[in-house]
Amino acid sequence: GTVGVRYGKKIQGKVYTSDNRGQTWEHRGDYPFMHARPFVAGRSLYVLGQCEDLMVVRSDDGGETWIELSSPYEGSFFGVLPLEGDSVLLFGLRGHLFRSDDRGDSWRVISPDLTLNDKTHQQNSGGIAIDNLMTFDGAVLFSIVESPLEPGLIWTGSNDGQVHLTRNGGESWENVTGNIP
């Protein structure tokens with residue numbers, strides 16, 4: 001297959017799709033990413049991957065063709081939350097949420113840093129070679145969920161113990177960590 005080059009590194013990421021619940025798979029594309037996560041939002045299929053920074057690709061035709069979208073930020077991502085329609089939330093190592101309401105064509109920040117951002121907990125993992133795993137990173141949004149009962153009510157949890165919520169889709173945030181026993 002094709003080997004992609006990004007940041008001077010050869011990274012091979014492949015996209016496959018299945019139309020029969022995984023009995024057979026069809027190769028759809030090669031991209032310079034690793035740590036990829038596929039998801040569906042609205043009528044589109046996405047793959048988030050990273051090679052140093054976030055890379056987002058989207059297919060609007062069931063995986064036949066793919067386009068690379070603009071990345072909302074430089075750095076690693078951790079996860080994604082598809083919302084109603086074509087809206088998507090991304091979260092990553094910098095403690096912010098990024099929202100797109102146009103299938104990833106544009107992104108906007110909808111939160112402040114929702115972690116403690118303690119620099120003493122953001123170190124290299126200490127392996128033989130410098131890495132980007134940030135084993136001791138204390139500034140990661142680790143979990144996010146939208147209420148199935150109340151649209152716009154979104155909860156986040158970070159790996160440094162912070163819990164926040166918004167009741168208006170990200171316009172304002174409340175730290176509720178102190179309310180948890």
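**View 1. Confidence runs from strand E1 up to strand E16.** Among the elements of the protein chain, strand E1 (residues 4-6) has the lowest mean pLDDT, at 60, while strand E16 (residues 174-175) has the highest, at 97. This is a predicted model, and the protein chain averages a pLDDT of 81, with 78% of the residues scoring at least 70. Where pLDDT is low, don't read the predicted coordinates in detail.

**View 2. Four strands make an open sheet ordered E13-E14-E15-E16.** The pairing here is antiparallel. E13 and E16 sit at the edges, each pairing on one side only. Strands of a sheet pair through backbone hydrogen bonds. Going across the sheet, E13 (residues 141-146) and E14 share five bridges, E14 and E15 (residues 163-166) share four, and E15 and E16 share two. To get your bearings on that last pair, find histidine 164, which stands opposite asparagine 175 in E16.

**View 3. Here we zoom in on strand E14 and its partners.** How much of E14 is buried? Four of its five residues (154-158) are, so the strand is mostly covered. Towards E13, serine 158 of E14 stands opposite leucine 141. Towards E15, glycine 157 stands opposite valine 163. E14 and E15 form a hairpin, with four residues between them. If you like checking torsions, go to glycine 161 in the turn: its phi is positive, at about 90 degrees.

**View 4. Serine 111 is tucked into a loop.** The residue's place is between strand E12 (108-109) and E13. Is serine 111 buried or exposed? Its relative accessibility is 7%, so it counts as buried, the limit being under 20%. A polar atom of the serine 111 side chain lies 2.9 Å from the backbone nitrogen of leucine 97. Leaving aside residues up to four places away in sequence, serine 111 touches Gly95, His96, Leu97 and Trp173. Two of these neighbours, Leu97 and Trp173, turn up again in the second core of View 6.

**View 5. Phenylalanine 39 and tyrosine 46 stack.** How many aromatic pairs does the count come to? Just one. Its partners are phenylalanine 39 and tyrosine 46, with rings 4.7 Å apart centre to centre and 5 degrees between the planes. The pair counts as stacked because that angle is under 30 degrees. Phenylalanine 39 is buried, with a relative accessible area of 8%. Tyrosine 46 is buried too, at 1% relative accessibility.

**View 6. Twelve residues build the largest nonpolar core.** The stacked pair from View 5 belongs here: the core consists of Phe39, Ala41, Tyr46, Leu48, Leu54, Val56, Leu69, Tyr73, Val88, Leu90, Phe98 and Trp107. Strands E5 (34-41), E6 (44-51), E7 (53-59) and E10 (88-92) each supply at least two residues of this core. A second, separate core has eleven residues, including Leu89, Leu97, Ile144 and Trp173.

**View 7. Tryptophan 107 and its surroundings close the set.** Which residues does tryptophan 107 touch, not counting those up to four places away in sequence? The contacts are Ser70, Ser71, Pro72, Val88, Leu90, Phe98, Arg99 and Ser100. Among them, Val88, Leu90 and Phe98 are fellow members of the largest nonpolar core.

Methods
Residues numbered from 1 in each chain as written. Predicted model: local features only at pLDDT ≥ 70, side-chain atom pairs only at ≥ 80, totals over all residues. Heavy atoms only, no water. Buried < 20%, exposed > 50% of the residue type's maximum accessible area, 1.4 Å probe, protein only. Pairing = 2+ DSSP bridges. Phe/Tyr/Trp six-rings, centres within 6.5 Å; stacked < 30°, edge-to-face > 60°. Polar contact = N/O pair within 3.5 Å; in protein donor to acceptor, adjacent residues only side chain to side chain. Contact = heavy atoms within 4.5 Å. pLDDT = per-residue confidence, 0-100. Core = buried A, V, L, I, M, F, W, Y, C linked by side-chain atoms within 4.5 Å.
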